[in-house]
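Here is a small set of exercises to work through with the viewer open. Try each task before you read its solution.

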Amino acid sequence: MSGDHDENRDNDGIRGTAPGTAPVPLSVLDLVTVGAGHTATEAVRTAVGIARTAERRGFHRYWVAEHHSMPGVASSSPAVLLAHLAAHTDRIRLGSGGVMLPNHAPLVIAEQFGTLEAMAPGRVDLGLGRAPGTDGATAAALRRTERLHEGADEFPQQLAELTRFLDDDFPDGHPYGRIHAVPGPVQATSPGGVQSAHRPPLWLLGSSGFSAQLAGRLGLPFAFAHHFSAANTIPALDLYRDSFRPSAVLDEPYALIGVAALAAEDEKEARRQILTGALSMIRLRTGRPGLVPSPEEAAAYAFSEMERDFVDSWLCNIVYGTPDAVRGGLDDLAKRTGADELMITANAHSGAARLRSYELIADAYGLPGA
């Protein structure tokens, strides 16, 4: 995206500008991870530190992801976290990467993000996913129903309902026509109303083709989870671009990809740090979720042959090493995928290692605020 679009890239709240020597805008995805020996309070403090670092160094946005029943992930309530982060930042865009729409009533999400928009006007994103963000039993507890498959199938209808609440434009005669999401546009049309009619831009998130195609058909921005579905990245982005229809939101496709990346002073230390995330994922996928293990625990762990194969496969999708190596890996990924934005998530046990990684990546691209 260039030429006439450059001056107004961020006017729509979606498109950003590549900082320093970065090939595309850089952003942050945070799971607010909790390492062994640390508390959720410390994890939230680290999240604030990362958000403020990202703002200072010129990253475009900072998102948190909804997950449930995972001891090592403290981001079960994105709206609550974002309210806290809004109070500790001034400029960076804040959003959900994402809110799992089938887990919630659309009206509740519209109210939550309308409130966030009132707290941080013009810098809130609403990213939406159709997965539960957890296991089936937890999803059933969240939704108070066992009909989980139907919830995913109803995603387009839920999305349409949420959009109507955000825009306050249900047609005459609709059962929800007299219901308003507040804060929201209705306040601008009420007698004496001065409330801004602006509302958070919607993003669709995905790890397969369903949301890619839906985002394209609706002319919405799309975020793909490359960090855990790398084999599907290019097919999904191609499907998004091929399906895209210009809308009032976007005149051309805009896609970001989530990228697992971690920089350290040397490659050995970077691998030592990311091995903790690999062990954490092994435990999660074998029904033993827990806190993110320390580097010492991960180094001492006796991986089975099958687990070692998993680790090797897992590490292939992570960009890690020295700052120069990470910069090269991110540059290559942006070129191969044609992504309009890279959203970096750091996998490590300690908040200090994650914060340091973002600083080193910023330094590698010559971002301001060092």
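Let's begin with one loop residue: S69 sits in the loop between β2 and α2 (78–86). Keep in mind throughout that this is a predicted model.

**Exercise 1. Backbone and exposure of S69**

Task: Find the sign of phi for S69, and decide whether S69 is buried or exposed.

Solution:
- Step 1. Read off the torsion: phi of S69 is near 60°, which is positive although the residue is not a glycine.
- Step 2. Set that against the usual picture: most residues other than glycine have a negative phi.
- Step 3. Turn to the surface. The relative accessibility of S69 is 53%, and exposed means over 50%, so S69 counts as exposed.

**Exercise 2. Helix α6 and what follows it**

Task: Compare the span of helix α6 with its expected span, then work out where its buried residues lie around the axis.

Solution:
- Step 1. Helix α6 covers residues 155–167, 13 residues in total.
- Step 2. From first C-alpha to last, α6 reaches 18 Å, close to the 18 Å expected at 1.5 Å a residue.
- Step 3. List the buried residues of α6: F155, Q158, L159, L162, F165 and L166.
- Step 4. These residues take up an arc of only 125° around the axis, so they lie on the same side of α6.
- Step 5. Look just past the helix: α6 is followed by D168, with a positive phi near 55°. D168 belongs to the loop between α6 and α7, and with a relative accessible area of 24% it is partly exposed.

**Exercise 3. Two aromatic pairs**

Task: Among the 11 aromatic pairs in the structure, classify the geometry of F59 with Y358 and of F165 with Y176.

Solution:
- Step 1. For F59 and Y358, the ring centres are 6.1 Å apart and the planes stand at 90°, an edge-to-face arrangement.
- Step 2. Locate the partners. F59 is in the loop between α1 (40–57) and β2 (61–64), while Y358 is in helix α14 (residues 351–364), so the pair ties together parts 299 residues apart in sequence.
- Step 3. Check burial: both F59 and Y358 are buried.
- Step 4. For F165 and Y176, the centres are 5.7 Å apart and the planes meet at 25°; stacked requires planes under 30 degrees apart, so this pair is stacked.
- Step 5. F165 is in helix α6 and Y176 in the loop between α6 and α7 (186–189), 11 residues apart.
- Step 6. Compare the cover of the two partners. F165 is buried, at 3% relative accessibility, whereas Y176 is partly exposed, at 32%.

**Exercise 4. Cis peptide bonds**

Task: Determine which peptide bond at V182 is cis, and place V182 in its surroundings.

Solution:
- Step 1. The bond from V182 to P183 is cis, with omega near 0°.
- Step 2. V182 lies in the loop between α6 and α7, and so does P183.
- Step 3. With a relative accessible area of 41%, V182 is partly exposed.
- Step 4. Setting aside residues within four places in sequence, V182 contacts E111 and Q187.
- Step 5. V182 and V108 are 74 residues apart in sequence, with their C-alpha atoms 9.9 Å apart.
- Step 6. Another cis bond joins G97 and G98, where omega is about 5°; G98 is part of strand β3 (residues 93–100).

**Exercise 5. The neighbours of Q273**

Task: Decide whether Q273 is buried or exposed, and name what it touches.

Solution:
- Step 1. Q273 is found in helix α10 (residues 267–285).
- Step 2. Its relative accessible area is 8%, so Q273 is buried.
- Step 3. Beyond residues up to four places away in sequence, Q273 touches L262, P295, N347, A348, H349 and A353.

**Exercise 6. The whole chain**

Task: Judge how compact the chain is for its length.

Solution:
- Step 1. Count the elements: the chain has 14 helices and 9 strands.
- Step 2. The radius of gyration is 20 Å, close to the 21 Å from the globule rule for 370 residues, so the chain is as compact as a globular protein of that length.
- Step 3. Add the burial: buried residues make up 52% of the 370 residues.
- Step 4. Finish with contacts: of those with a separation of 6 or more, 72% are between residues 24 or more positions apart.

Key. Residues numbered from 1 in each chain as written. Predicted model: local features only at pLDDT ≥ 70, side-chain atom pairs only at ≥ 80, totals over all residues. Heavy atoms only, no water. Helix = DSSP H or I, 4+ residues; strand = E, 2+ residues; numbered from the N terminus. Expected span 1.5 Å × (residues − 1). Buried < 20%, exposed > 50% of the residue type's maximum accessible area, 1.4 Å probe, protein only. Arc of directions from axis to C-beta. Rg over C-alpha atoms; globule rule 2.2 N^0.38 Å. Contact = heavy atoms within 4.5 Å. Phe/Tyr/Trp six-rings, centres within 6.5 Å; stacked < 30°, edge-to-face > 60°.
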